[in-house]
Amino acid sequence: HWLGLFHTFEGGCSQDRGDWIPDTPPQALENTYCTATKSCFAFPGMDPVHNLMNYPPDDCRDQFTPGQLARMAAMVRKYRRQASA
């Protein structure tokens, strides 16, 4: 959250909102396991069970999407310059 990211399940199955990152598929609820699922059948993409902003076990969480990386970089440039200096 410190770098401007919401949870991947933020906003549920809403393409318009979600986590506000266009390349993160909409997701109904947090995942608490490592098995790939699809919770929003009206939209493309599986639930991002390997995403660091989801809730599966730690050994599954090892990814950010390119859009999440871009958001974090933009947040550092705009709000966290002193922290990155």
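Is C60 buried or exposed in this predicted model? Select C60 and look at the surface around it: the residue is buried, because its relative accessible area is 4%, and a residue counts as buried when that value is under 20%.

**First stop: the disulfides**

Keep C60 selected and add C34, because a disulfide is a covalent bond between the sulfur atoms of two cysteines. The two residues C34 and C60 are joined in this way, with a sulfur-to-sulfur distance of 1.4 Å in the model. If you follow the torsion about the S-S bond of C34 and C60, you will find a value of about 85 degrees, so this disulfide is right-handed. Both C34 and C60 lie in the segment before α1, and so the pair ties together parts of the chain that are 26 residues apart in sequence. While C60 is buried, C34 counts as partly exposed, because its relative accessibility is 32%.

The structure holds 2 disulfides, and the other selection to make is C13 together with C40, whose sulfur atoms are 2.0 Å apart. The torsion about the S-S bond of C13 and C40 is about -85 degrees, so this disulfide is left-handed. Although C13 and C40 are both in the segment before α1, the pair links distant parts of the chain, 27 residues apart. Colour the two residues by accessibility and you will see that C13, at 37%, counts as partly exposed, whereas C40, at 2%, counts as buried. If you number the bonded cysteines of the protein chain in sequence order, the pairing reads 1-3, 2-4.

**Second stop: a salt bridge**

Now select R61 and D58, and display their side chains as sticks. The side chains of R61 and D58 meet in a salt bridge, with 2.5 Å from N to O, and the count for the structure comes to 1 salt bridge. D58 is exposed, because its relative accessible area is 59%, while R61, with a relative accessibility of 24%, counts as partly exposed.

**Third stop: N51 and its surroundings**

Move next to N51, which is placed in the segment before α1 and is buried, with a relative accessible area of 3%. Turn the view until you can see the side chain of N51 and the backbone of M53 together, since a polar atom of that side chain lies 2.8 Å from the backbone nitrogen of M53. Then show the residues that N51 touches, leaving out those up to four places away in sequence: these are T8, R61, Q63, F64, T65 and Q68. You have already met one of these, R61, as a partner of D58 in the salt bridge.

**Fourth stop: H7**

Select H7, which is found in the segment before α1, the helix that covers residues 66–79. What does the side chain of H7 meet in a polar contact? Display Y55 as well, and you will find that a polar contact of 3.2 Å joins the side chains of H7 and Y55. H7 counts as buried, because its relative accessibility is 13%, and apart from residues up to four places away in sequence it touches H1, D19, M53 and Y55.

**Fifth stop: L5 and I21**

Finish by selecting L5 and I21, each of which lies in the segment before α1. L5 is buried, with a relative accessible area of 5%, and I21, at 7% relative accessibility, also counts as buried. Setting aside its neighbours within four places in sequence, L5 is in contact with I21, M53, F64, Q68, R71 and M72. Seen from the other side, and with the same kind of sequence neighbours left out, I21 touches L5, T65, G67, Q68 and R71.

Two distances are worth drawing before you close the viewer. Draw one from the C-alpha of I21 to the C-alpha of L69, residues that are 48 residues apart in sequence and 10.0 Å apart in space. Draw the other between the C-alpha atoms of L5 and Y79, which are 74 residues apart along the chain and separated by 13 Å.

Conventions: Residues are numbered from 1 along each chain as its sequence is written. This is a predicted model: local features need pLDDT of at least 70, side-chain atom pairs count only at pLDDT 80 or more; totals for chains, interfaces and linings use all residues. Side-chain values use heavy atoms; hydrogens and water are left out. Helices (H or I, at least four residues) and strands (E, at least two) are DSSP runs, numbered from the N terminus. Buried means under 20% relative accessible area, exposed over 50%, partly exposed in between (1.4 Å probe, protein chains only). A polar contact is a pair of N or O atoms within 3.5 Å; within protein, one must be able to donate a hydrogen and the other to accept it, and residues adjacent in sequence count only if both atoms are side-chain atoms. Contact means heavy atoms within 4.5 Å. A salt bridge is a side-chain nitrogen of Lys or Arg within 4 Å of a carboxyl oxygen of Asp or Glu. A disulfide is a pair of cysteine sulfur atoms within 2.5 Å.
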